[in-house]
Amino acid sequence: MTTLYLALTLFLLLTLAAGFWRVRHGPTAADRMLAAQLFGTTSAAILLLLAEALELPALRDVALVLALLAVIAVIAFTASVKTATPDQDSRDDR
Amino acid sequence: MISQLAGLLGRFTLFLGIWWLLTDGRQAGLMFGGGIAAAAAMLPLAIAEPRDAGKPRALLPTVLRGLVLLPFFLWQSLYGGIDVAVRALKPRMPLAPSVFDYRLRLPPGPAPVMLASLVSLMPGTLATVSGARLRVHVLDATRNYQDELELLEAQVAWIFDVALQAPQAPAPNVWQHSTEQDV
Amino acid sequence: MIVSLSIALLLAGVGFFFAGTVGLLRFPDVYTRLHALTKADNLGLGLIVLGLMLRAETGAAAGKLLVIWLLVLTASGAASQLVASWARARRIRPWQG
Amino acid sequence: MAGLILAWALDGVLALLLLWLAWRALSTPALFRAVVLFIAFGLVLALVWARLYAVDVALAEMAIGAGVTGALLLAALVRLEPPIGRGREHRQDAEGDEV
């Protein structure tokens, strides 16, 4: 069973790494932020699987904190709408 | 007075339940948690504005009604996930996105935001609140989404215990395609 | 029986994570990518949570797993609305065929 | 045996990912990308702590590194002239094709 958990963790880690392609290629800042959101959800799943694989139930609390805090970065990011002027040509933001 | 007491008890139960979950059901800290939960339950009494006193916001009934409908939402989100996963994995990637406005019958407040979150879990739709409307981005423009949206809206109204109003302005046509103007 | 059901749920969950990442990489614009993230990834996490809940030691542990999932659902529902509004405020037009 | 190989593979991927992210976050000229990479770095570092059985450190790293510091850096970036998506980030993004 532990082997299965480790294998699934490894696979999730690889899909997380693949998400960096989106951080690199954008094209808009929102796309890069989306990739960060993907990392948050995937990390939560990885932590839950690690909690079983390593028999460390306390890792679930880490996942809980992650679930609470991962969204804060997105909120801070979108708060830029109010301070920055609306950008007509945001497509060039690459 | 009675409703205030009921609200107090409801919040206390809710917070104690959260404490129980967070401490993995251990008995040791339960006294401490009980005190914290009681203090947190009384907090709204201390900071509530006077005009709210007439109709206290019933938190627990809303949460319970939400839990009643939770299985349905989760079941629908299963379809949503399968739908988008199939679209992503098919080599041809069948996408025909479109944007339209849905006139809300819900009063402003938390309910429309909840509706938009739920709509985003349903198959093929993604919503944001913009004033008295919901701006809905769909993956498959050939499908009609109106019935699903109306059903969801009625369910959210039930969860929040609010009445649905008639949609505002020239309303027989609930649909208005707006892909050209500002999206 | 419970074990194989749990394994099936875990595998399905990881599969949806894979599909979500594929969607994030392949879909043509920010709105369609949001579709992929909010639906596929949350479902993937949900299935993993269900699979682990079947093997949880206590009821409270299972409840905590469920709470984690509901929190992630709520958070990503809010985040997807925020990102979509941000993109709209920046006049990013949706991709159309 | 298979479990051992898997554990090694997992540790290897984690370590490589962490180093690569640290390098990218430091060397990326576009500030917004650097911040996103830093948030991702915090997440992966928290996973590394978790893998090392250091649950408390993982908890702190998750909360402070990935959550709060990322948000603070984004807020600081917004306050810098010019705002995200224009001028500096914009130009550098267009010029330097590297991440």
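Between chain C and chain A of this predicted model, the count of salt bridges is three. In one salt bridge, the side chain of C:Arg33 meets that of A:Asp31, with a distance of 2.3 Å from N to O. Across the interface of these two chains, six residue pairs are found in polar contact, with both residues of each pair at pLDDT 80 or more. On the side of chain C that touches chain A, the elements that contribute two or more residues are helix 1, helix 2 (30-53) and helix 3 (59-89) of chain C. Helix 3 of chain C gives the most to that side, with 14 residues.

The extent of the interface can be described by residues and by area. Chain C brings 43 residues to the contact, while chain A brings 48 residues. The size of an interface is often expressed as the accessible area that is lost when the parts come together. By that reckoning, chain A and chain C bury about 4100 Å² between them, and carbon and sulfur atoms account for 74% of this area. Of the area that chain C buries against chain A, 16% is supplied by C:Leu25, C:Trp86 and C:Arg90, which is more than any other three residues supply.

Turning to chain A itself, the reader will find five helices and zero strands, so that its elements, followed from the N terminus on, run α-α-α-α-α. Of the 94 residues in chain A, 65% are buried, and among the contacts in this chain with a separation of 6 or more, 53% are made by residues that lie 24 or more positions apart. Chain A exposes about 3100 Å², of which carbon and sulfur atoms supply 64%.

A further feature belongs to the surface of chain C, where C:Met1, C:Ile2, C:Leu5 and C:Leu54 form a nonpolar patch with about 420 Å² of accessible area together. One of these residues, C:Ile2, has its place in helix 1 of chain C, which covers residues 2-26. Is C:Ile2 buried or exposed, or does it fall in between? With a relative accessible area of 47%, C:Ile2 is classed as partly exposed, because this value lies between the 20% under which a residue counts as buried and the 50% over which it counts as exposed. The same value is also over the 30% that a residue needs in order to join a patch. Helix 1, which holds C:Ile2, is also among the elements that give two or more residues to the side of chain C that touches chain A.

Note on methods:
Residues numbered from 1 in each chain as written. Chains lettered and ligands numbered in written order. Predicted model: local features only at pLDDT ≥ 70, side-chain atom pairs only at ≥ 80, totals over all residues. Heavy atoms only, no water. Patch = residues over 30% accessible without salt bridge, like charges linked within 9 Å, V, L, I, M, F, W, Y side chains within 5 Å. Areas by Shrake-Rupley, 256 points an atom, 1.4 Å probe, with all protein chains shown as cover. Salt bridge = Lys/Arg side-chain N within 4 Å of Asp/Glu carboxyl O. Helix = DSSP H or I, 4+ residues; strand = E, 2+ residues; numbered from the N terminus. Buried < 20%, exposed > 50% of the residue type's maximum accessible area, 1.4 Å probe, protein only. Contact = heavy atoms within 4.5 Å. Buried area = accessible area lost by both parts, 1.4 Å probe. Polar contact = N/O pair within 3.5 Å; in protein donor to acceptor, adjacent residues only side chain to side chain.
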